[in-house]
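Trainee: I'd like to go through this structure with you, one question at a time. Can you show it to me before we begin?

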Amino acid sequence: MLLNLLESFVDNVFRDTVIEPAIGSVLYCDLAFGLAAHSGIYIGDNTIVHLDGDGIVKSISPDEFLDRLDGLNTAISIYASCNDVTPVGYETVALRAINAIDNKRNYNLLFDNCHQFTTGCLTGDFENNASNFLWMLKMEAESCIDADSWRVWNIN
């Protein structure tokens, strides 16, 4: 938790933050000291679409996004896909996420998780098997929406 607190402090105080992600931005938060993260897609109006641990695609608030596992995580900040300091995303990505709301998937922590869902929103291929980890999702975001940096979303 201390490492996340320090990283979040640096990212919030010394780096540029994002006032609001772009529609279709990829978002993520750290869940376990850099060992696990959660991801989703920003669709506007302070709403994020994500694959929940129960396998259902849901739209939620930023507070709910950070409160994964009933708050038993190290999430402090939400990071948004950016090109340098400018948030990036595409409406097509947001539309794919919106169209998936209430869909049920066979959730599996390693093989059918939030990162695979989020990658599906980027590429249109929800059955992809190559993006089950955050670093893989970040590579897809760079390829699909030119995301070359990740900035804290200044939700306040």
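Trainee: Let's start with D84: is it buried, exposed or partly exposed?
Mentor: Keep in mind that this is a predicted model. Buried stops at under 20% and exposed starts at over 50%. D84 has a relative accessible area of 47%, so it falls in between and is partly exposed.

Trainee: Which residue forms a salt bridge with D84?
Mentor: The cut-off for such a pair is 4 Å between nitrogen and carboxyl oxygen. Here the closest N and O atoms are 3.9 Å apart. The partner of D84 is R151.

Trainee: And how many residues apart in sequence are the parts that this pair ties together?
Mentor: D84 lies in the loop between β5 (79–83) and β6 (86–87), while R151 lies in strand β7. R151 is buried, with a relative accessible area of 11%. As the two sit in those separate places, the pair ties together parts whose distance in sequence is 67 residues.

Trainee: How many salt bridges are there, and which residues are joined into one network?
Mentor: The count comes to five salt bridges. One of them is between K58 and D54, at 2.9 Å from N to O. K58 is partly exposed at 27% relative accessible area, and D54 is partly exposed too, at 34%. Bridges that share partners make one network out of D52, D54 and K58.

Trainee: What about D112: which side chain does it meet in a salt bridge?
Mentor: D112 counts as buried, at 12% relative accessibility. Its partner is buried as well, with a relative accessible area of 11%. The N to O distance is 2.9 Å, and the partner is R105.

Trainee: On to the rings. Is the pair of Y42 and W153 stacked, tilted or edge-to-face?
Mentor: A search of the whole structure finds four aromatic pairs, to begin with. For Y42 and W153, the ring centres are 5.2 Å apart. Their planes meet at 75°, and over 60 degrees is the range for this label. So the pair is edge-to-face.

Trainee: How many residues apart are Y42 and W153?
Mentor: Y42 belongs to strand β2 (residues 37–44), and W153 to the segment after β7 (149–152). Both residues are buried. The pair links distant parts of the chain, and the separation is 111 residues.

Trainee: Is the pair of F117 and F126 stacked, tilted or edge-to-face?
Mentor: The ring centres of F117 and F126 are 5.7 Å apart. Their planes are at 35°, which is neither under 30 nor over 60 degrees. So this pair is tilted.

Trainee: Which residues form one aromatic cluster?
Mentor: Look for rings that go together as a group rather than as a single pair. The members are Y28, Y79 and W150.

Trainee: Which residues of the largest nonpolar core touch the most other members?
Mentor: That core has 25 residues. β1 (26–30), β2, β3 (47–51), α3, α4, α5 (134–145) and β7 each supply at least two of them. F117 has a relative accessible area of 0%, so there's no doubt that it is buried. The residues with the most contacts to other members are V26, I41, F117, L122, A141, I145 and W150.

Trainee: How many residues does the other core have?
Mentor: This core lies apart from the largest one. Its members include V18, L31, I48 and F65. The total is 14 residues.

Trainee: What accessible area does the nonpolar patch on the surface have?
Mentor: The patch is made of L109, L110, F111, F133, W135 and M139. L110 sits in the loop between α3 (91–100) and α4 (114–123), and with a relative accessible area of 44% it counts as partly exposed. Together the patch residues have about 720 Å².

Trainee: Last one: what phi does D102 have?
Mentor: Most residues other than glycine have a negative phi. D102 is found in the loop between α3 and α4, and it is exposed, with a relative accessible area of 62%. Although D102 is not a glycine, its phi is positive, at about 80°.

Conventions:
Residues are numbered from 1 along each chain as its sequence is written. This is a predicted model: local features need pLDDT of at least 70, side-chain atom pairs count only at pLDDT 80 or more; totals for chains, interfaces and linings use all residues. Side-chain values use heavy atoms; hydrogens and water are left out. Rings of Phe, Tyr and Trp (its six-membered ring) pair if their centres lie within 6.5 Å; planes under 30 degrees apart count as stacked, over 60 as edge-to-face and the rest as tilted. Helices (H or I, at least four residues) and strands (E, at least two) are DSSP runs, numbered from the N terminus. Buried means under 20% relative accessible area, exposed over 50%, partly exposed in between (1.4 Å probe, protein chains only). Patches are made of residues with over 30% relative accessible area and no salt bridge: like charges are joined within 9 Å, nonpolar side chains (Val, Leu, Ile, Met, Phe, Trp, Tyr) within 5 Å. Accessible areas come from the Shrake-Rupley method with a 1.4 Å probe; for residues, only the protein chains shown count as cover. A nonpolar core is a set of buried Ala, Val, Leu, Ile, Met, Phe, Trp, Tyr and Cys residues joined through side-chain atoms within 4.5 Å.
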